[in-house]
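I'm opening a fresh page for a structure I haven't looked at before. Short entries, one topic at a time.

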Amino acid sequence: MANFILVLCLLAFSYTLATAFEPSPLQDFCVADTSTNAGRVNGLPCFDSKLADANHFYFSGLHIAGTISSSVGSKVSPVTVAQIPGLNTLGISLARIDYAPWGVVPPHTHPRATEILTVLEGSLYVGFVTSNSENRLISKVLQKGDVFVFPIGLPHFQQNLGNGFAVSLSTLSSQNPGVITIANAIFGSNPPIAEDVLVKAFQLDKSIVSRLQTQF
């Protein structure tokens, strides 16, 4: 009997893992209804499919370079369910990334998506870090037309290796991949993480931790 209960528990756990990601649609499409506060299971509520038209599946503007004003020298222009309501439940999205000379997309993770990056212009140094305890850096310099994959959940980064501007296009395996920028999350959390925790975790002087927290 105990073995039978254990098997049931393992099956239930496996089912939970299998359904943790966006499931296959049970209808042709589910255009997001952003006007309602109805409960959400895994996506946004759908509105009447008979009211859907081409504009619900359309976005224009990825040919326009993003305005780079960040201190890190990059601009991400997302195309998720927020921009295309018809992406709801389909498990895919895009992002255009513009890079200033030597600009970076700092180390970050996507908790809900694998990312496939294609270089459209310029040369990029990209990489990701594997999980503990190996923490191995897997990196490569990419040229125009090259493609690189960042596995789901792993910290990764991009850097423009030139004096000109660079552009890449990313496809992500979620309508809402999420993003956690490591430095912002650690040193810019709200409320702040206790300084003593960060001092021990990063083996830094308390004054340095305090300065970093003011920057983020």
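**Entry 1: a strand pair.** In which sense do strands β4 and β7 pair, and over how many bridges? I looked it up: β4, residues 115–121, and β7 pair in the antiparallel sense, over four bridges. One caution before I go on: I'm working with a predicted model.

I then checked who faces whom. T118 stands opposite V147 in β7. For E115, the bridge partner in β7 is F150.

**Entry 2: the whole sheet.** Next I wanted the sheet around that pair. I found an open sheet of five strands, ordered β1-β2-β9-β4-β7, with antiparallel pairing. The edges are β1 and β7; each has a single partner strand, so one side of each is left without a neighbour in the sheet. I also noted the twist: on average, neighbouring strands of this sheet are turned by 20 degrees against each other, direction ignored.

**Entry 3: the two faces of β7.** Which residues of β7 are on its covered face, and which on the uncovered one? β7 runs over residues 147–150; F148 and F150 make up the covered face, V147 and V149 the uncovered one. I jotted down the general rule beside this: in a regular strand the side chains alternate between the two faces of the sheet.

F150 got a closer look. Leaving out residues up to four places away in sequence, I have F150 touching T114, E115, L117, V126, G127, F128, H156, F157 and Q158. E115, its bridge partner from my first entry, is on that list.

**Entry 4: cores.** How many residues does the largest nonpolar core have? My note says 13, and the residues with the most contacts inside this core are Y99, L117, L124, V126, L142, F148 and F150. So both residues of the covered face of β7 turn up here, in line with the general tendency. That tendency is that nonpolar side chains in soluble globular proteins tend to be buried together.

I asked where the core residues come from. β2, β4, β5 and β7 each supply at least two of them. The largest share, three residues, comes from β5. There is also a second, separate core of six residues, which includes A32, L44, V81 and I84.

**Entry 5: aromatic rings.** A search of the whole structure gave me six aromatic pairs. One of them is F29 with F57: the ring centres are 5.1 Å apart and the planes stand at 80 degrees, so I count the pair as edge-to-face. Both residues are in the loop between α1 and β1, 28 residues apart, and the pair links distant parts of the chain. Buried or exposed? F29 is partly exposed at 26% relative accessible area, and F57 is partly exposed too, at 39%.

I also found F128, F148 and F150 linked by ring pairs into a cluster.

**Entry 6: the disulfide.** How many disulfides does a search of the whole structure find? It finds one. The partners are C30 and C46, with their sulfur atoms 1.7 Å apart. C30 and C46 both lie in the loop between α1 (2–18) and β1 (74–79), so the disulfide ties together parts that are 16 residues apart in sequence. The torsion about the S-S bond is about -95 degrees, so I logged the disulfide as left-handed. C30 counts as buried, at 2% relative accessibility, whereas C46 is partly exposed, at 43%.

**Entry 7: backbone oddities.** I kept the general background in mind: most residues other than glycine have a negative phi, and most peptide bonds are trans.

Which peptide bonds did I note as cis? The bond from N132 to S133 is cis, with omega near 0 degrees. S133 is in the loop between β5 (124–129) and β6 (137–142). The bond from N190 to P191 is cis as well, with omega near 0 degrees. P191 lies in the loop between α2 (182–187) and α3 (195–202).

Then the phi angles. T89 is not a glycine, yet has a positive phi of about 70 degrees. T89 sits in the loop between β1 and β2 (93–99), and is buried, with a relative accessible area of 17%. Q203 is not a glycine either, and has a positive phi of about 55 degrees. Q203 is in the loop between α3 and α4 (206–215), and is exposed, at 66% relative accessible area.

Note on methods. Residues are numbered from 1 along each chain as its sequence is written. Side-chain values use heavy atoms; hydrogens and water are left out. Buried means under 20% relative accessible area, exposed over 50%, partly exposed in between (1.4 Å probe, protein chains only). Two strands pair if DSSP finds at least two bridges between them. A disulfide is a pair of cysteine sulfur atoms within 2.5 Å. Axes are lines fitted to C-alpha atoms, for helices over the stretch in contact, and angles run from 0 to 180 degrees between N-to-C directions. Rings of Phe, Tyr and Trp (its six-membered ring) pair if their centres lie within 6.5 Å; planes under 30 degrees apart count as stacked, over 60 as edge-to-face and the rest as tilted. A nonpolar core is a set of buried Ala, Val, Leu, Ile, Met, Phe, Trp, Tyr and Cys residues joined through side-chain atoms within 4.5 Å. Contact means heavy atoms within 4.5 Å.
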